[in-house]
Amino acid sequence: MSVSSGDAPAGVKPPILQVEHLTMRFGGLVAVNDLSFDVARGDITALIGPNGAGKTTVFNCITGFYKPTAGRIALYRGATPKPGTLDALTNSPRRFATGDDGGIFLLERMGDSEITARAKVARTFQNIRLFTGMTVLENLMVAQHNWLNRASGYSFLGLAGAKSFRDAEAQAVDIAVQWLDRIGLKGRADDPAGALPYGDQRRLEIARAMCTGPVLLCLDEPAAGLNPRESAELNEFLMSIRSGNGTSLLLIEHDMSVVMEISDHIVVLEYGTKISDGTPQFIQNDPKVIAAYLGVEDDEVDEAETELEK
Amino acid sequence: MAQSEDIGGVAAEPSASLDWPKALRDAGLLALFTLGLSFPILAFRTRQDLTQGLVLDPRWGLVATVVAIAFFARLGWLVFGGALTRGAAAGAARVSRALAPVKPYAWIFRYIVLALLAAYPFLAVLFTGTGGALKWIDNFGIQILIYVMLGWGLNIVVGLAGLLDLGYVAFYAVGAYSTALLSTHFGFSFWICLPLAGIFAAFWGIMLGFPVLRLRGDYLAIVTLAFGEIIRLVIINWVELTNGASGISGIPRPTFFGLPFNASDEGFAAFFGLQFTPLHRLFFLFYLILALALLTNWVTVRLRRLPIGRAWEALREDEIACRSLGIDTVITKLTAFSIGAMFGGFAGAFFAARLGFISPKSFEFMESAVILSIVVLGGMGSQIGVAIAAIVMIGGTELLRELTWLKAVFGPSFDPTQYRMLLFGMAMVAMMVWRPRGLISNREPSIVLHEKRAIGGDMVKEGHG
Ligand SMILES: Nc1ncnc2c1ncn2[C@@H]1O[C@H](COP(=O)(O)OP(=O)(O)O)[C@@H](O)[C@H]1O
Ligand SMILES: [Mg+2]
C-alpha cells in the first residue's frame with residue numbers, strides 16, 4: 001500500500017503523513033513534480049533544497065493553502081489504519097474518515113483551516129505571520145480559538161459570563177503560560193507581539209502553532225535569521241516538542257547545523273523533483289545532494305553517479 | 001517635488017532663513033495656475049437675453065479675487081505654515097494624550113459620563129427652558145446618540161474585523177422599513193418590531209455576507225457599496241410594498257409599556273398625574289436610544305474579550321495566519337457582519353418609530369459615508385473614539401444650523417449647513433495629516449496576564465478586506 005519512499009527507507013516507523021505523486025503546476029511552471037515521501041510518526045523530517053526548489057509549495061499543499069494539481073496527501077491520526085482503508089477512502093467522495101482511535105485525512109481534499117482544526121496539522125510561515133498588534137498572550141489565545149469558542153457556547157454562554165466558560169478561559173491561559181515559560185517569554189506576555197526581537201517572534205510563532213494541539217507541525221525555515229546561539233536554543237526547543245508533546249515535525253531548513261543535528265530523516269528537493277531521501281548520514285554522502293548544493297554541472301553528477309554505481 | 005521640499009524646509013524655520021524671493025515665486029506660480037484654471041470656469045457667466053441669445057457677462061473682479069486669495073494664502077502658508085503644522089501636531093498629540101484613558105481614573109470617568117448622560121435631558125430643560133430643550137434633546141441628544149450607535153455597530157465590522165463596509169446604511173434601512181411595514185400592516189407594537197428589525201437586518205447581513213466575504217479590500221468595499229444602493233433602489237421602485245419615494249407615514253410611536261405619549265386620558269401624563277407636554281416623549285426617546293447605544297457598547301466590549309472578538313481582531317491583523325490556526329474565516333466574518341448589521345437594524349427601528357415617517361431619502365450613500373467617517377475619525381476599534389467622533393461630526397453639523405449670524409456677513413441667502421460636506425472633508429484631511437489612525441489609535445489588549453498596557457497604534461493593523 002505504501003509507496004516506496006526512495007533510495008533509503010528511513011526505518012520502519014509507521015508514517016503519520018504520506019505524500020504520493022504530488023504535483024503542483026503554476027501555469028507552465030512545474031513547482032513540484034511527482035513528489036513522494038513519508039513522514040514517520042515521532043520523527044523530525046527535514047525538507048531541504050536550494051531556493052525555489054518548491055519546498056514552501058509542498059508545505060502549502062500539505063496545509064491546504066494550495067490545491068495540488070495531482071497527487072494524494074494522507075495524514076494518519078492515532079493508530080495506523082488497516083490496509084485498504086486508505087484506498088477505500090480515496091475512492092469515496094469523502095475527505096476524511098475518523099474512528100475512535102484516530103482517522104485518515106486526505107489533505108488534498110480539505111481546506112486550510114479545516115486541516116488545522118480537524119486533521120491537526122499546524123504550520124509556521126517563512127515570513128513570520130504573528131498578529132503584531134495583539135499581545136503575546138493574545139496570540140496564543142487566538143490559536144486556541146476553536147475549543148474556546150465552543151466552550152463559550154458560541155459566545156452566548158460567554159456573553160452571559162457563565163462559569164464554565166471562565167474556567168475554560170483560565171485553562172487556556174494556563175496552556176498559553178506553559179508555552180510562554182518554555183520559550184522564555186512569560187515576562188513579555190502583555191507586550192505586543194510586533195515589539196519582540198526577531199528570534200523571540202520565531203519561537204512565539206512556533207508556540208502559537210503548538211497551541212492548536214497538532215499531531216504534525218510544519219515549520220518553514222524556523223532558523224532563518226537566527227544567530228548561532230538562538231539556533232542552538234531552537235534545536236533544543238524542537239527536540240522538546242518532539243519528545244514532550246509527541247508531535248511529529250516536518251521542517252524546511254537551510255541551516256545545516258540545525259538539519260543535520262536534529263533530523264531523523266531528510267528529503268532533498270531540486271527544481272521540484274526529489275533527488276534524495278534518507279538519513280542525515282546518507283544525505284551527507286549522497287553525490288547528487290553534494291552536487292546540487294555545490295552547484296556542480298549535471299554531467300559531473302552523472303559522472304559521480306556512474307562512479308557510485310561501480 | 002524638489003522645489004516644494006526646499007520650501008518646506010524654509011517654512012519650517014521661518015525665523016532662521018526665510019527665502020523671500022523663492023516664496024514669492026512659488027506663490028506667484030500658484031496664482032498664475034489659479035488664473036489659468038479659473039479663466040474657463042469663473043471668468044464668464046452665461047445667460048440668455050430677451051431674444052434667447054447667449055450673453056456672456058465677464059466677471060473679472062471675481063477672477064482677480066480668487067487669484068489674489070490663492071497668492072496670499074500660499075504666501076501665508078509658506079511664512080507661517082511650519083509653525084502652524086507643528087502647533088497643530090502638538091495640539092493633536094496633547095488631545096490624544098488627554099483622551100487616552102488614565103488608568104486609575106478610568107472608572108470614575110466612566111461613571112461621570114454615564115451620570116451626565118442620564119441627567120442630560122433634565123439639564124437641557126434646566127438651562128434652556130421647555131422650548132429650547134426640545135431642540136437640545138432632539139437635534140443634539142437623540143440625533144447624536146443614533147450616530148453613536150450606528151458608529152459602534154459599524155465599528156464591529158470595520159474596526160474590529162477590518163472589513164471595509166461602504167453599504168452599512170442598507171441595514172439601517174432594513175431595520176427602519178421592517179419596523180414601518182410590520183407596524184402599519186400588522187399593527188405590531190414597537191417593542192415587537194425592535195427585535196424583529198434586528199433579526200431581519202442580521203439575516204440580510206448574512207445573505208450579503210455569504211457571497212461577498214471571500215472578496216477582500218477594494219472589491220469588498222465596492223460590492224457592499226453596490227448592495228447599499230440596491231436596497232435603496234428596491235425600496236424606491238417596489239412601490240406596492242414600500243410606497244416608493246414618497247415613503248411610509250403613520251408609523252405608530254413607541255409607547256411607555258402601553259401608555260401612549262399623548263394628551264388623552266389613557267396617556268402617559270394622565271396616568272402619572274403629570275401635566276401633558278411633548279417633552280415626555282422626547283425624554284422617553286432619549287433614554288431609549290441611550291439604552292440601545294449602551295447595549296451596543298456593552299455587547300461589543302464583551303464580545304471583544306470572548307474568543308469570537310479575538311478572532312475578529314486576529315482576522316484584521318492577518319487572515320492567512322488565522323486560517324493556519326484553524327479559524328473558519330468565513331464564519332468569523334459572517335458573525336461580525338451580521339452582528340454589526342443587527343445593531344444597524346435596531347437603530348433603524350428606532351429611527352422609524354421616532355419620526356413616524358421614513359422615506360428612501362434617509363438611506364442614501366451619504367449616510368454610509370458619514371457613519372464610516374465617524375468610525376475612521378474616532379480610531380478604528382476604539383469605542384470612546386467613535387463616540388467622540390460622532391459628537392463632533394453630528395453635533396458640529398447641528399451647530400452649523402445655529403450660525404445664523406453668518407447670514408449677516410454673507411447675505412440672507414447664505415446657508416451654513418450647505419458647507420457641511422466641505423467641513424467634513426476638511427476635518428478628514430486634517431485628521432489624516434495629523435492623526436492618520438484616528439482620535440484614539442491605541443488598542444487595549446483583550447486579556448491580560450500581568451499588567452494592562454495599551455498597544456500603540458503603529459503596531460495595530462487596519463485590515464484589508
Ligand atoms: N502562488 C504561486 N504562483 C506562481 N508561482 C509560484 C507560486 N508559489 C510558488 N511559485 C513558484 O514555485 C517555485 C517554488 O517556490 P517555493 O516553493 O517558494 O520555493 P522554496 O520554498 O523551495 O524556496 C518558484 O519558482 C516560485 O516562483
Ligand atoms: Mg520557501
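This passage describes the overall form of chain A in a predicted model, followed by selected salt bridges, one helix and several individual residues of chains A and B.

The secondary structure of chain A consists of 13 helices and 11 strands. Its radius of gyration is 20 Å, close to the 19 Å expected from the globule rule for 310 residues, so chain A is as compact as a globular protein of that length. The C-alpha trace of chain A extends over about 75 × 50 × 40 Å along its principal axes. Of the 310 residues in chain A, 55% are buried. Among the contacts in chain A with a separation of 6 or more, 66% are made by residues 24 or more positions apart. The exposed area of chain A amounts to about 12,900 Å², and carbon and sulfur atoms supply 52% of it. Chain A carries 29 positive and 41 negative charges, and the mean positions of the two sets are 11 Å apart.

Over all chains, the search of the whole structure yields 25 salt bridges. One of them joins the side chains of Lys13(A) and Asp43(A), with an N to O distance of 2.3 Å. This pair links distant parts of the chain, 30 residues apart: Lys13(A) belongs to the segment before strand S1 (15–26) of chain A, and Asp43(A) to the loop between strand S2 (29–40) and strand S3 (44–48) of chain A. The two partners fall into separate accessibility classes. Lys13(A), with a relative accessible area of 44%, is partly exposed, whereas Asp43(A) is buried at 2%.

A salt bridge within one helix is formed by Arg118(A) and Glu114(A). The N to O distance between their side chains is 3.9 Å, and the two residues lie four residues apart in helix H3 (residues 112–119) of chain A, about one turn of the helix. An α-helix has 3.6 residues a turn, so residues three or four places apart point the same way. Arg118(A) is partly exposed, its relative accessible area being 44%. Glu114(A), by comparison, has a relative accessibility of 16% and counts as buried, because the limit for that class is under 20%.

A further salt bridge involves Arg129(A) and Asp318(B), whose closest N and O atoms are 2.8 Å apart. This pair crosses between chains: Arg129(A) is in the loop between strand S7 (121–123) and helix H4 (136–142) of chain A, and Asp318(B) is in the loop between helix H11 (307–317) and helix H12 (319–324) of chain B. Arg129(A) is partly exposed at 26% relative accessibility, while Asp318(B) is buried, with a relative accessible area of 7%. In addition, salt bridges with shared partners connect Glu138(A), Arg304(B), Glu313(B), Arg316(B), Glu317(B) and Arg443(B) into one network.

Helix H11(B) is mostly covered, with 11 of its 11 residues buried. The buried residues of H11(B) include Trp312(B) and Leu315(B), together with the charged residues Arg310(B), Glu313(B), Arg316(B) and Glu317(B). Glu313(B), Arg316(B) and Glu317(B) also belong to the salt-bridge network that includes Glu138(A).

Two residues were examined for their contacts. Val215(A) is situated in the loop between helix H8 (198–210) and strand S8 (216–220) of chain A. The relative accessible area of Val215(A) is 21%, so this residue is partly exposed. Not counting residues up to four places away in sequence, Val215(A) touches Ile16(A), Leu75(A), Arg77(A), Ala119(A), Lys120(A), Thr247(A) and Ser248(A). Leu75(A) and Val215(A) are 140 residues apart along the chain, yet their C-alpha atoms are separated by 9.6 Å. In chain B, Arg354(B) forms part of helix H13 (residues 329–355) and is buried at 9% relative accessibility. Apart from neighbours within four places in sequence, its contacts are Asp138(B), Ile142(B), Gln143(B), Ile146(B), Arg253(B) and Leu285(B).

Positive phi values were found in two residues other than glycine, Glu221(A) and Asn243(B). For Glu221(A), phi is near 50 degrees; this residue is in the loop between S8 and helix H9 (228–245) of chain A and is buried, at 8% relative accessibility. For Asn243(B), phi is near 65 degrees. Asn243(B) lies in the loop between helix H8 (239–242) and strand S3 (248–249) of chain B and is partly exposed, with a relative accessible area of 38%.

How values were computed
Residues are numbered from 1 along each chain as its sequence is written. Chains are lettered from A and ligands numbered from 1 in the order in which they are written. This is a predicted model: local features need pLDDT of at least 70, side-chain atom pairs count only at pLDDT 80 or more; totals for chains, interfaces and linings use all residues. Side-chain values use heavy atoms; hydrogens and water are left out. The radius of gyration is taken over C-alpha atoms; the globule rule is 2.2 Å times the number of residues to the power 0.38. Buried means under 20% relative accessible area, exposed over 50%, partly exposed in between (1.4 Å probe, protein chains only). Contact means heavy atoms within 4.5 Å. Accessible areas come from the Shrake-Rupley method with a 1.4 Å probe; for residues, only the protein chains shown count as cover. The place of a charge is taken as NZ of Lys, CZ of Arg, CG of Asp or CD of Glu. A salt bridge is a side-chain nitrogen of Lys or Arg within 4 Å of a carboxyl oxygen of Asp or Glu.
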